[in-house]
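Please open the model in your viewer and keep the sequence panel beside it. The stops below each give a selection to make and then describe what is found there.

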Amino acid sequence: MTIEVASVAVSQPSRLWLVFSRNPLFWLGALLLAIIIMVSVLAPLIAPHDPLEQNIVARLEPPSAEFLFGTDNYGRDVLSRLIYGARISLMVGFVAILIAMTIGCTIGIVAGYIGGALDQLVMGVLDVMLSFPALLLGLMIAAMLGASLQNLIIAIAITEIAPFARVARAPTIALKQQDFVMAGRALGFGPVRIMGVHILPNLISDVVVMSSLWMASAIRTEASLSFIGLGVPPPTPTWGSMIREGFDNILDAWWLAVFPSLAILLTVLALNLLGDALRDAIDPKLRGE
Amino acid sequence: MISFACKRLLLAIPTLFVMLTAIFVLVRLVPGDAASVILGDQATEASLRAMRARLGLDQPIQVQYLHFLRDVLTGNLGRSLSSGRTVVQEVLLVLPSTIQLTLAAITIGIVLGLPLGILAALGRNSWIDYVSRLVSLVGLSFPAFVSGILLLIIFAIHLGWFPVLTSDSTDPLERLRSLALPALNLGLILMAYVVRVTRSSMLGVLGEDYIRTARAKGVTPMRLVMRHALRNGLIPVVTVVGLYFGTLIGNSVLTEIIFNRPGLGKLIFGALNSRDYTLLEGLMIIFAICVIVVNTLTDITYGLIDPRVKYK
Amino acid sequence: MTSFPRPALDLRNLRTEFRIGGRWYPAVRNVSVSLMPNETLAVVGESGSGKSVTALSILRLLPHAGARIQGGEVLFEGQDLVTLSERDMSTIRGNSIAMIFQEPMTSLNPTMTVGDQIAEAILIHRGGSRMEAKAKALRLLDEVKIPSPKSRLDEYPHQFSGGMRQRVMIAMALACHPRVLLADEPTTALDVTIQAQVLSQLEELKQAYGMSMLFITHNLGVVAQIADRVAVMYAGEIVELATVDALFAKPMHPYTAALLRAMPRADRANESLEPIPGSVPALSAVPTGCAYAPRCPFKDRSCTELHPELVSSGDPGHLVRCPVRPVGGVH
């Protein structure tokens, strides 16, 4: 609407802050994520038991004062395994997204900057990647490469490249026609310098906001692949593989599947809440009075 | 309209080739080679050679590629290594069950998601908006196997309302009962997507100038939403449901495993566990074709809703 | 003028506020003005002066969240539109009061045919069959001079040019023979040649339909062409109200004079154009005294302290909100 409230004297950062501080969902996400990160960092200090220690006498114990979340088929403490499992999930999600971001942004910026046939080709391939289910792509890659931490990260990173490239490409095309980029070219700056110094900083905030949403999806894919049996091999505790073990005992030991399920849910939810609030805040279409 | 549909179909052909090529390359990327993966570490050199010859891996790569394309285009996707049936036979066997599940899930997702998304947009920043945003974010955060397990524990094991395992009974009521939880599992996740997209799309549309024009004409609130906002707001929703099809297939793999329900997903899981790489490759090709077909149909639907598309 | 006919539309102390950062600020401050039958009243001012908000307030088309009518009355045919229920209000919108907007490119629904959009107003307010409404729509398209209206009736807005879309908007507004037409910068987004055509067409149709028109613009050239009287708005207030001739011949308010000096005219060399220094104050930072004082070359100490009233300038029907203006106008 063309209502003239344009000249409102509220500066940009404080405006963003207003949007955040009034969004209760943002605070919920931030709090949850802070707790999960603390738990994974402090794992050795707060885990009540050794996550790998087997205890044949205490197999499949229901939750109790000694084992808050019960024990698994080998008598291992579920709570301790859950706490250590947070490290794998966060690490895999973070590293995979970092790799995907680096490769995806490079592809997106170069394709957008050079344009023409290269751009068409690259975007065509990326559209195909985007429309192929991430889980199946990850499953295929992980199945072909074999189950290991490294291959898991590679498989997940590949599934998340296409969205980053898309997000980096669109603003690159808009930016390359702007005066300051034109001026840089007139001054004889090379394309690498222009892309790195003039274009990248202008789109990095969009990319970072989206990366929190996509890290949520990376963690989801990691858990799903681990559940299918394509994740980090045992005995390393991961949430997905814990749920798989719990699923095998689902009729008589509900706690094995339920607690890791809630852990995954809360982690992914925290990232989604944060990413959502951030995106709302920078998206001018959804912002406003 | 027809020419638009034809043009869109033609566009799908290069996409199909890119996808097929990607699958071909991916399968050949396997460290070692497919023969040793299939036969395991203990295979003799002779049996490896025989397996390579059987898979055509002893040929030069470009010949392999041409054979691969020829086979795919003639509908010959090879035979399952474990069952001996052709991949196409295997798929046709379980396809009805997957289609049932998918259609039920899409129905649930749209019937619940669309109204909730519209309500959230109309009552922006009201309690219903926050509740529906939270519900949809929770839905988006569930890996399909996590929500499946929770549904299974609560409604099948604890409350006993639904069977724990999918029954193969022919009684339609019994079949419906065993379809309910898997369909709900997939449908609720789809609902989360639909709520989100509907909300933001309707918010965008409700702020448009032509909505104000309609109000200035004296259009009542109900008609404003149904006649003016919804059709415009639906355009991105169609895209999302179409794009979600890929995720739906991925989630159906997990759902079918959890509810032990026959279907394409269960087939993949079996192929993975028995290292049936021919079946796996064949399934990927079929999924790729499905995804492309659905994307194309989505674009054509888009053209039906938005008059501007046809003339571009 | 011997008898005083009842105004077609009468604004009394209309006050509209916006919420910014949790606080309410007035965008329209106690505006009182009447629109007489068959009269064209132009409302002029820079962007942010509150003229569009005034028009939107009359039909209560402001967004539900973040805007409110805080006080005053909008009298139309004996009822106060401010206090009407939303349902009663929608029987007035598009029926006895219609509005056309600035952006013809975005103001039409892209997924409805032009014919359906015109027919919709008729169906809502007059009832009848779809066929009759479409036939009426066809006549309206012809009336606003859209070439080959029969074939264009079933086309979509994206198939029309900007000028043609604005004609469609006008046809839509006229569909139910409104008593009052609110035109919010209807020609601003159009090419100059098209502007002139649309303006003269509006003028003709106003005569033919016997409407009153509230015409919002920032272009004084347009005012001279179309208006009977002019209200000059600044920071949400009317600062001067006069007939077109009086306003152009003898502007009383320093702001009006500045606007006139900033306007390109055929009888003056372009070098003498003077832009107005400074800008309209933000809604949240309107000065307590005279809102125009910070930009005014004539201001004295009282201007920043006392808020001036809109009073008679001495000439009949000529009101001005400035106590220190030089006698005899501020040329």
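Begin in chain C by selecting C:P287, and bear in mind throughout that this is a predicted model. With 14 C-beta neighbours inside 10 Å, C:P287 counts as partly exposed, because a residue is called buried only from 20 such neighbours upward and exposed at 12 or fewer. The residue belongs to the loop that runs between α10 (254–261) and α11 (301–305) of chain C. If you then display its contacts, leaving aside residues up to four places away in sequence, you will find that C:P287 touches C:P281, C:A293, C:P294 and C:T304. As a distance check, draw a line from the C-alpha atom of C:P287 to that of C:M252, which lies 35 residues away along the chain; the two atoms are separated by 21 Å.

Next, stay in chain C and select the strands of its sheet. Eight strands form an open sheet here, in the order β6-β7-β8-β3-β9-β10-β12-β11, and the pairing is mixed. The edges of this sheet are β6 (97–100) and β11 (311–312) of chain C, each of which pairs on one side only.

Now narrow the selection to β6(C) and its neighbour. β6(C) pairs with strand β7 (residues 180–184) of chain C in the parallel sense, over four bridges. Two of the bridge partners in β7(C) can be picked out by name: C:A183 is the partner of C:I100, and C:L182 is the partner of C:M99. Is β6(C) covered on one face or on both? Colouring by burial gives the answer, since C:I97 and C:M99 on one side and C:A98 and C:I100 on the other are all buried, and both faces of the strand are thus covered. Add helix α6 (residues 162–174) of chain C to the view, and you will see that this helix lies across β6 and β7 of chain C, running at about 175° to β6(C).

Move to chain A, and show the whole chain before selecting any part of it. Its secondary structure comes to 11 helices and zero strands. Of the 289 residues of chain A, 47% count as buried, and among its contacts between residues at least 6 apart in sequence, 68% join residues at least 24 apart.

Within chain A, select A:P133, which lies in the loop between α5 (116–131) and α6 (134–145) of chain A. Is A:P133 buried or exposed? It is buried, with 22 other C-beta atoms within 10 Å. Its contacts, again without residues up to four places away in sequence, include residues of chain B, namely B:G246, B:T247, B:I249 and B:G250. For a distance inside chain A, measure from A:P133 to A:G231: these residues are 98 apart in sequence and 18 Å apart in space, C-alpha to C-alpha.

Then extend the selection into α6(A), a helix of 12 residues that reaches 16 Å from its first C-alpha to its last, close to the 16 Å expected at 1.5 Å a residue. Because 11 of these 12 residues are buried, α6(A) is largely enclosed by the rest of the structure; A:L135, A:L139 and A:M144 are among the buried ones. What covers them includes α7 (149–175) and α9 (191–228) of chain A, together with α1, α10 (221–258), α11 (264–273) and α12 (277–305) of chain B. Just after α6(A), select A:G146 to see a positive phi of about 95°.

Widen the view to the contact between chains A and B, which takes 45 residues from chain B and 39 residues from chain A. On the chain B side, the elements that give two or more residues include α1, α8 (172–206) and α12 of chain B. By class, that side has 33 nonpolar, nine polar and three charged residues.

Finish inside chain B, which is divided into domain 1 (2–73) and domain 2 (95–311). The centres of the two domains, taken over C-alpha atoms, are separated by 32 Å, and 15 residues of domain 1 are in contact with 13 residues of domain 2. On the side of domain 1 that touches domain 2, α1(B) gives the most, with 11 residues. The residues of that side divide into 13 nonpolar, one polar and one charged.

Technical notes:
Residues numbered from 1 in each chain as written. Chains lettered and ligands numbered in written order. Predicted model: local features only at pLDDT ≥ 70, side-chain atom pairs only at ≥ 80, totals over all residues. Contact = placed C-beta atoms within 7 Å. Pairing = 2+ DSSP bridges. Axes fitted to C-alpha atoms, helices over the stretch in contact; angles between N-to-C directions. Domains from an automatic or database assignment. Nonpolar A, V, L, I, M, F, W, Y, C, P; charged D, E, K, R; others polar. Expected span 1.5 Å × (residues − 1).
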